[in-house]
Each structure stands twice: as structure tokens, then as C-alpha cells.
Amino acid sequence: MADREPDEPRNSLLPQLRMDELLDELISRVTQIRATRDRVQQLLQGVLAVSGGLELDQVLSTIIGTAAELVDAQYGALGVIDSGGEHLERFVTVGLTQREIDAIGPFPTGMGLLGQLIRHPVPLRLAEIAEHESSFGFPDDHPPMRTFLGVPIRVRDKIYGNLYLTEKRGGSRFDADDETLLSTLAAAAGVAIDNARLYDDAQSRQRWMTATAELTRGLLSGADARNVLAVLVERVRDMAGAELVMVSLPDPAADHLTVQVAAGPGGERVRGDSTPIAGSEVGAVFAAGVGRAIVDGQWDDRQPWTELGLGPAYIAPLGTAGKVRGVLVAAKRFGALPFDAGAMHMLTEVGGQAAVALELADRRADVDLLALYADRDRIGRDLHDLAIQRLFATGMTLQSVLKITDKQAVRDRVNKAVSELDDTIKVIRSTIFALSERGGPDEDPGLRAQVLQVCQDSATVLGFTPAVRFTGPIDFEVSDEAAEHALAVVREALSNVGRHAQATKADVDVATADGFLVLRVADNGVGMPEGGGRRSGLGNLADRAAALGGEFTVGPAEGGGTVLTWRVPLDD
């Protein structure tokens, strides 16, 4: 029997592996499979997380937080690109404390390495940030960062922004698997952002419609324009995410814009500030009727923006070119990102709606004023055609009684009654002149109104309110210079009555007749001191009369007291 060949090894497929090596390989592969499964599960959870919200700010924060967790990055940021496609208009971070953010300074706008992804929207992985040609380094107080992974976010075939992840934990580099996971998350994020943006636009539109409806309703209801605009700027500040919002309107000379209402920190500081239209940012928008965005450092030195810590802003005209009624200014704090396209569009729309509402309110005020004037004219005609004529006829009837009576007592009483009727006719005529005045609510008050105000103010010193009577078209015939002197005379005369006369009654008569303005102040007090000595201040009243070519007298009144007469010629 021939000798048999030795048996062949049974494990010919794995001739070089021992059993323990085989087990290690199997364990390693199982571990990799489990790790891959865990990362896929983590990715799915991340996709669900970013797809579950509708508020845009919340969605953006969720996206960057999920991305950092998915690739195990210490720091992350999501930059939103502006409508021009060249800069970042929003920057959301994760991993930095608020103190670190404040120390770093303004958010980046898309220069350097961050701009590389804007210009070339493809995934980018770096082992050393500083070695890339587009890297400009970091600002002071910026935490150190070495490794980098960035991917673009697309929304409807348009680049919406970029995800930036730095400093992979453990000191390792971002690998191809990290890039794949982040790119997958970015695709899901694009859909979530699109939905959130549509929802945000709808909500903003609803808030804008509510605000403008309140504006129009408030102005057309007859409410004060400043109060209505104050409510508007509060709404706009909330809708636009602004630090300070204000409305500036032109002054009567139309060479300055004055802040009428303001909302936000510093509102009291800027309210009432005036800015020349020529050579200013707000003036340029007012003149051209075109909105303008302002970035940090572009504000005029004349404006207190630096003091208030304000930075980027948007100036919207109230109206269109050629019909601008003012400007609406919304500003953010210094270092914040500029307003995005949606916010600027909303501010422009609100400005246009505010202009329309202001125009309608002015037209309503004009209609109301015309109705008031028409009513005054009707009352004046009725007083002239009815009341005066009847009083005149009554006076004529009383005078006829004098022909049929010889009793002196009757004649005296009739003459007194006729005299009182004459005085009443003068008062009515003065009232007709007052009704004929056309001073609007925004115009300076005339002499008549100012004399009444002086008399009313003197009641505190006198202890009673003086009686006032006007004769003739006071506001039409008296010049501004004479009116200024006349007010000073009334004020000084009533002051003397209060200090020296011990009176319980005072009468102020202001009349224009025969080319003169005659001012008469009489009281029932103790009268002038013996010897005709002058009381303090009377010499000044005489000087005022002489300066206008007139005369001043003071003496005892009939029945006791003192009467002061100040008489100056009227201008031709």
C-alpha cells in the first residue's frame, strides 16, 4: 500500500489568520457598522429637529446647533447671504458665550475665509485655517480655531447661506464622512428655511397690515398725529428688530427735519433734534424719496448715534419722490448686522402707508377747518343782520321816548339804556371780527388770543379774572411790533393792579379806531398815591408808547380806582 499524502489544511481560505485576529477584525467591522448606524440615526434626528419649527430665528439656531453636534464641532455659525449675494446679513453662532461675542466685536460680513464660500459655494475642509490663502486671521479676543468645515445651504436652487464648523473635538480633523453628513443636513435645512421664511413673511405681512390699519384708523379718527405715530414706531421697532425707531418731519421753513416721535433706548434724547436737509443722510432720503441703508460709521457727526451706541440703520421716505412728507429711521445697535431685504421692504411699505394716512388726515383737517369757517361766517351774518339790527331798532325806539317825556329821571335812564345798547353792539361787532379770523390750529395766536391768555394768567395774582373787551379787527390792523408792546403793557398794568391797587375788579379794553390802537386798563382799587407819584414800571410803559409815536396817561377812574390809557398809531 502506498504511503498517503499528508492532509491539506482545512482553513485554506484564511491560511494566515489566527482565530483571535479574525475575532478582532469582526469586532472592528461591527463597531464601524454600529457607529455608522448611530451617525445615520443622529442625522435623521437632526433632520427632524430642523424641520419641526416655523419661526425663522428658531430654525436657524436649531440648524447650527444640530450641525455642531452632528460633526462634533466646538464652534459653529450659520451665515445668511444678503440679496446682493456678496455679504452676510445675518450671523447665528453656537459655542460662544455672550461675553466672548461682545469682546470679539461686530459680526463678520463675509470677508476672508467666510467670503470664500460665498464666492465659491462648494464644501471646504481645512486642517489649518491660517494656511488658507483667503484667511485674514482673527480679531482680538477671538478664541483660537484650527480645523474648519464649511458647506453651502441652498434654497430653491439659490444659495441662502453657509454652515461654518470649527475645532473638531479631540483635536482630530474633519473627514469625508463629516462633510457628507453636513451636506445632507444642509439639504434638509434648505427646505426648513424655505418653509420658515414663507411663514415669517406671512407673519410680518400680517403685523404690517395691522400696524398700518391702526395708523390709518387713528389719524382718520381725528386723534393727534404725534400720538398715532408714537404707536406706529413702537410697532415698527418690534417688527423690524430695531433698537431705535423715529419719525422726522420738516419744519415750516422746510430746511430742517425734526424728530417728532421716537421709540427705544435714547428716544427721549433724540426727540426734538433737528437735522438740516442739505448735506445729511436723512435729508438726502427726504429730497430724493428713495430709501437708503446705513452701515456702521456712516452716520453724520451731527447726529448722536455714537453716543447712543447705534450702528446699521435704514431710512425710509414717508411718500414717493416729489411728495415726501418726512422720513422713518430704524437703527440697530452698533456691531449688529444690517437690516435684511425683507425688513427694508417692510419699512419702505410702512413709510408709504404712513404718508398716505398723514395726507388723508390733513385733508380731513382742511375739511373740518373749512366747515368751521363756514359756520363762523354764518354766525357772523346772523349777528350782523339780526342781532345788531334789532338792537339798533330798539335803541332808536328808546330815543324816541325822549321826545315825549320831560322827566329828567326818565331821560337819564333812557340815555343809559341806549348807551348800554351801543356798547352791546360794539361787543357783537368785535365778536364778528373774531369769527372772521382765519388762523389755523398750527399758526401763532393773534393779539386777541394772547391778551386773553395774559388776563387769564393774571387771575392768580389778582384773585379774580379781569373783564376783557375788544373793539375792531384787532388781529388784522395791529402790527407785530405794536402787538408785542401792547402785551407787555397789559401784563405790567395788571401786575401793578395786583401789587398796589387792592382792587376787586379790573377791565381791559382793546380797540382799534380812527387809525389808533387804544389800550385801556381800569380798576376799582385805592387809586393813585397823593401827588400823582408814579408806581414802579409805569415809566417803562410811557417809553413803549413814545417808541411807537404814541402817548401814555394814567389817572383816577370815575367812581374810584385808576385808569391807564396807552394809545399808539396803527401802521398805514
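## The Arg 469 network

Arg 469 and Asp 509 are joined by a salt bridge in which the closest N and O atoms lie 3.4 Å apart. Because Arg 469 belongs to strand S12 (residues 467–471) and Asp 509 to strand S13 (residues 506–513), the pair ties together parts that are 40 residues apart in sequence. Through salt bridges that share partners, Arg 469, Asp 509 and Arg 520 are joined into one network. The structure shown here is a predicted model.

The two residues of the pair fall into separate accessibility classes: Arg 469 is partly exposed at 30% relative accessibility, whereas Asp 509, with a relative accessible area of 17%, is buried, because that class takes in values under 20%.

## A pair in the loop between S3 and S4

Among the 11 salt bridges that the structure holds, one links Arg 146 with Glu 128, and its closest N and O atoms are 2.5 Å apart. Both Arg 146 and Glu 128 lie in the loop between strand S3 (124–126) and strand S4 (148–155), so the salt bridge ties together parts that are 18 residues apart in sequence. Arg 146 is partly exposed, its relative accessible area being 42%, and Glu 128 is likewise partly exposed, with a relative accessible area of 24%.

## Arg 271 and Glu 268

A further salt bridge is formed by Arg 271 with Glu 268, where the closest N and O atoms are separated by 2.6 Å. Arg 271 counts as partly exposed at 31% relative accessibility, while Glu 268 has a relative accessible area of 65% and is therefore exposed, a class that requires a value over 50%.

How values were computed: Residues are numbered from 1 along each chain as its sequence is written. This is a predicted model: local features need pLDDT of at least 70, side-chain atom pairs count only at pLDDT 80 or more; totals for chains, interfaces and linings use all residues. Side-chain values use heavy atoms; hydrogens and water are left out. A salt bridge is a side-chain nitrogen of Lys or Arg within 4 Å of a carboxyl oxygen of Asp or Glu. Helices (H or I, at least four residues) and strands (E, at least two) are DSSP runs, numbered from the N terminus. Buried means under 20% relative accessible area, exposed over 50%, partly exposed in between (1.4 Å probe, protein chains only).
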